[in-house]
Amino acid sequence: MQPDIIVTAPLPPFLYDPLKADYRCHDYYQAPDKPGLLAANGATIRGLVQGGGTVTPTTLLDALPRLEIISVFGVGYDGVPVAYCKQRGLKVTNTPDVLTDDVADVALALILMTGRGFVRVNRFVHSGEWEKRNPELTTKLAGRKVGILGLGRIGKAIAQRVVAMGMKVAYTGRNPQQVPYEYIGDLKSLAAAVDFLVVACPGGPATRNIVNAEVLAALGRKGTLINIARGSIVDEPALIEALQAGAIKGAGLDVFADEPHIPAPLGAMDSVVLLPHVGSATRETRQAMGDLCKANLDAWFGEKKTLTLIAELE
Ligand code: 8YV
C-alpha cells in the first residue's frame, strides 16, 4: 500500500507528479478545510513534504501521530522544529549540495550588481539616459574584502568565486576551519573589516536578527550587505534605517523577512538591488532538489538507506 504523505508547500509538477505516482498525497497547502483534512487523514499520514522556507508548527505535527519523516524541498530547514523532531524521533531530510553553485552564483551576482552598479546602468541605457551623459564611475572590486557569515558549503563556493575575481576573503562562524581565509571571531569585527558582508549561514532561532544595527554600523559607509540565506538573519527595519541614513553603502538581497512582501522603502532606494529569492531557481537545480526530496522519502519508505539527514539528526 502506498504511504500517505502530507504536502504543506506549493510544489512544482516535476516533484509533485512523481510523488503522486508513488504516494497518497494530501495537499494541506491547498486544502480549503485544513482541520477537516487533518481530522480525516491525520492518523494515517507517515511523511511530510515542505519547502525550505515553510514553517511547520508543532501543533500540525501533533495532529500526525504516525508521522515518521519530514522531507524538505530545500537546503534550509529553519521552519522545522528540530528539537521537537529529535524528541519524537522524526527523521528530517533536506537537499544540500545540489543547489550550492546556483546560490553562490547569486551572491556573486549581487556583489557585481551592487559594487559595479550594473542594475543602475542597465536602467540608464534602457531609459535613453546614455544619449545625454556618461554613466557615473563605480568602485573596483579586485582587492576588496568579502566577509562571509557562515562558511558552510555555500559560503565556501562564494569564497571560491570572489577569490577568482581577485577579492580577499574573511569569515566568521562557530569555529575556525582549515581554509586559506582569514577567520574573524565575531560578526561585528568581521563587518568592520570588510567591504561586502555576505550572509550565508542557516536561518532559525540561533541566527535571528544577528545582523543588527550594531553590525550594520560596523559595516559602515564603505560596506555593502549581501543576503542569500534567510531574511530572518537580518534585522530588516535596522537595515532600512542604515540604508536611508547612508550609514552603509548599499545592499543586495535575495531573501526577505516576509516573502514575497518587500518593505516599500527597500524598493525605493537606488543603493539596493532586490531579487525574488532566486538562489536555487534554475530548472536543473530545482529538478535535482525535487529528485533528492523524493529520493529521501523513497529511501525511508523503501530500503532505509542513503537519507540526506540534516546535521542535527545525523
Ligand atoms: C528554495 C531555499 O526557494 O533551499 C532553500 O532553503 O530557500 C530555496 O532553495 C526553497 O527551498 C524552495 O522550496
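**From strand S3 to the ligand**

Start by selecting residues 45-51, which form strand S3; 6 of these 7 residues are buried, so the strand is mostly covered, with buried meaning under 20% relative accessible area. Keep in mind that the model is predicted.

Next, add strand S1, residues 4-7. S1 and S3 run parallel and are joined by 4 bridges. To see one pairing in detail, pick valine 7, whose bridge partner in S3 is valine 49.

Stay on valine 49 and bring in strand S4, residues 69-73. Valine 49 has serine 71 as its bridge partner in S4. Between S3 and S4 there are 5 bridges, and the pairing is again in the parallel sense.

Now select the ligand and the residues around it. Among them are Gly51, Gly52, Phe73, Gly74, Val75 and Gly76. Further along the chain, the selection should also include Leu99, Arg230, His277, Ser280, Arg286 and Met289. By class, this shell holds 4 nonpolar, 6 polar and 2 charged residues.

Which distances are worth displaying here? Three contacts to oxygen atoms of the ligand can be drawn in turn:

- Phenylalanine 73: a backbone N or O atom lies 2.9 Å from an oxygen atom of the ligand.
- Histidine 277: an N or O atom in the side chain is 2.9 Å from an oxygen atom of the ligand.
- Serine 280: an N or O atom in the side chain is 2.6 Å from an oxygen atom of the ligand.

Finally, show the surface of the ligand. On its own, the ligand has 330 Å² of accessible area, and the protein covers 84% of that.

Conventions:
Residues are numbered from 1 along each chain as its sequence is written. This is a predicted model: local features need pLDDT of at least 70, side-chain atom pairs count only at pLDDT 80 or more; totals for chains, interfaces and linings use all residues. Side-chain values use heavy atoms; hydrogens and water are left out. Buried means under 20% relative accessible area, exposed over 50%, partly exposed in between (1.4 Å probe, protein chains only). Helices (H or I, at least four residues) and strands (E, at least two) are DSSP runs, numbered from the N terminus. Two strands pair if DSSP finds at least two bridges between them. A residue is near a molecule or strand if one of its heavy atoms lies within 4 Å of it. A polar contact is a pair of N or O atoms within 3.5 Å; within protein, one must be able to donate a hydrogen and the other to accept it, and residues adjacent in sequence count only if both atoms are side-chain atoms. Accessible areas come from the Shrake-Rupley method with a 1.4 Å probe; for residues, only the protein chains shown count as cover. Ala, Val, Leu, Ile, Met, Phe, Trp, Tyr, Cys and Pro count as nonpolar, Asp, Glu, Lys and Arg as charged, and the others, Gly among them, as polar.
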